[in-house]
Amino acid sequence: MSMFTKKTNFKAMKADDVVAAYRKNVLIFWICHGLTAVILVGVAVALLMQKITLFNAALSAFFLVVLNYLLYVGRTYQYHMLNQIMNQYCDPVKAEKVFQKLHDSKVKKNHSLINIARAQCYQGKFAEALDTLQNVSRPKPDSILVFLYYNVMALCYEGLGQMDMVIDVRERAKKVMNGLKENSPNLRNGQQLLTIIDGILTFHEGSFTRSREIYEEQIENSSFPLSRMTVLCKLAKMEQMTGSTRSAIDHCEYILESGGTTFYVKEAKEILALCKPKKKTAEQKEDAQDGTEPDQAEN
């Protein structure tokens with residue numbers, strides 16, 4: 001198994017195989033870290049023995065520091081690629097197993113817990129996901145995890161129908177944003193979260209025109225199938241409720257094809273059932289031919 005890249009097919013891998021491959025990849029990076037330490041010692045010895053100049057020793061040390069940083073980035077990237085299980089392949093069941101194993105092995109414990117909660121949320125296990133979030137140490141305002149943390153929380157409260165808590169999450173996220181510096185790269189993540197929550201709130205308020213504008217903008221900026229599932233499910237619900245059944249059916253069929261193990265598949269089936277009229281029974285057809293309604297025939 002090679003290093004995880006954007007071309008890695010996590011769909012074909014079992015959870016245990018993913019975890020084993022991740023551990024092997026990280027071990028390779030740690031071995032490389034160790035080799036750079038050995039080389040650094042060699043450089044120091046060569047300098048003391050005056051086999052190299054101070055300039056060359058400093059240059060070598062600088063190169064080794066940069067190399068170590070790149071190795072650190074590589075290790076972080078291997079963990080980041082595990083999000084493809086959810087984002088690209090829409091498989092929160094497998095993702096929960098993978099991140100649970102990593103958490104049990106004390107690998108990025110807080111980050112893994114948030115990912116476990118996220119996976120539970122997209123399976124429709126909203127109360128369980130909120131319980132998992134209770135064990136998360138709330139990320140610092142400048143952490144890239146803080147708005148992911150609040151995003152999962154907002155989706156869970158929506159799933160449980162607790163719109164007052166969704167509003168509370170919005171206020172908490174807004175407070176974090178107000179405390180960030182103007183040039184903070186995290187501001188963009190915060191703004192995206194506020195837009196997501198505004199879509200949730202306008203949808204449940206029945207403000208479909210505004211809600212549609214938000215979701216159509218989101219789908220244009222959707223980078224992964226999972227984010228498209230979230231938007232398409234909302235659009236399908238709106239279209240079914242407003243009578244645009246053909247569009248609703250198209251969205252639902254896409255979700256059924258690409259929704260993996262997310263709860264959106266179940267919701268798409270429910271929406272399809274509302275869009276497609278039930279076939280008449282043989283008795284109803286016979287009554288229709290006689291020109292009578294079923295209840296009239298009984299009378």
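Helices (H or I, at least four residues) and strands (E, at least two) are DSSP runs, numbered from the N terminus. The structure treated here is a predicted model, in which local features need pLDDT of at least 70 and side-chain atom pairs count only at pLDDT 80 or more, while totals for chains, interfaces and linings use all residues. Residues are numbered from 1 along each chain as its sequence is written, and side-chain values use heavy atoms, with hydrogens and water left out.

**Exercise 1. Describe the overall make-up and extent of the protein.**

Step 1. The protein has 15 helices and zero strands. The radius of gyration, taken over C-alpha atoms, is to be set against the globule rule, 2.2 Å times the number of residues to the power 0.38. Its value is 26 Å, well over the 19 Å that the rule gives for 299 residues, so the protein is more spread out than a compact globule.

Step 2. Along the principal axes, the C-alpha atoms fill a box of roughly 110 × 45 × 35 Å. Buried residues (under 20% relative accessible area, with exposed meaning over 50% and partly exposed in between, for a 1.4 Å probe and protein chains only) make up 42% of the 299 residues.

**Exercise 2. Compare the spans of α1 and α2 with expectation, and state what covers their buried residues.**

Step 1. The expected span of a helix is 1.5 Å times one less than its number of residues. Helix α1 (residues 15-48), with 34 residues, reaches 50 Å from its first C-alpha to its last, close to the 50 Å expected, and α2, with 28 residues, reaches 40 Å, close to the 40 Å expected.

Step 2. Among the buried residues of α1 are Tyr 22, Phe 29, His 33 and Val 43, and what covers the buried residues of this helix includes α2 (54-81), α3 (84-87) and α4 (92-104). Those of α2 include Leu 64, Leu 71, Arg 75 and Tyr 79, and the buried residues of α2 pack against α1, α3, α4 and α5, where contact means heavy atoms within 4.5 Å.

Step 3. Ser 60 is found in helix α2 and, at 28% relative accessibility, counts as partly exposed. Ser 60 and Val 43 are 17 residues apart in sequence, yet 7.4 Å apart in space, C-alpha to C-alpha.

**Exercise 3. Locate the residues with positive phi and assign their exposure where it is known.**

Step 1. Most residues other than glycine have a negative phi. Gln 50, just after α1, takes a positive phi of about 60°.

Step 2. Cys 90 lies in the loop between α3 and α4, has a phi near 50°, and is buried, with a relative accessible area of 0%.

Step 3. Lys 106, in the loop between α4 and α5 (109-122), has a positive phi of about 60° although it is not a glycine; Lys 106 is exposed, with a relative accessible area of 63%.

**Exercise 4. Classify the packing of α7 on α9.**

Step 1. Axes are lines fitted to C-alpha atoms, for helices over the stretch in contact, and angles run from 0 to 180 degrees between N-to-C directions. The axes of α7 (residues 146-159) and α9 (residues 186-205) come within 9 Å and cross at roughly 10°.

Step 2. That makes α7 roughly parallel to α9, since angles under 35 degrees count as roughly parallel, over 145 as roughly antiparallel, 65 to 115 as roughly perpendicular and the rest as oblique.

Step 3. The contact includes Phe 147, Tyr 150 and Leu 155 of α7 and Leu 193, Ile 196 and Ile 200 of α9.
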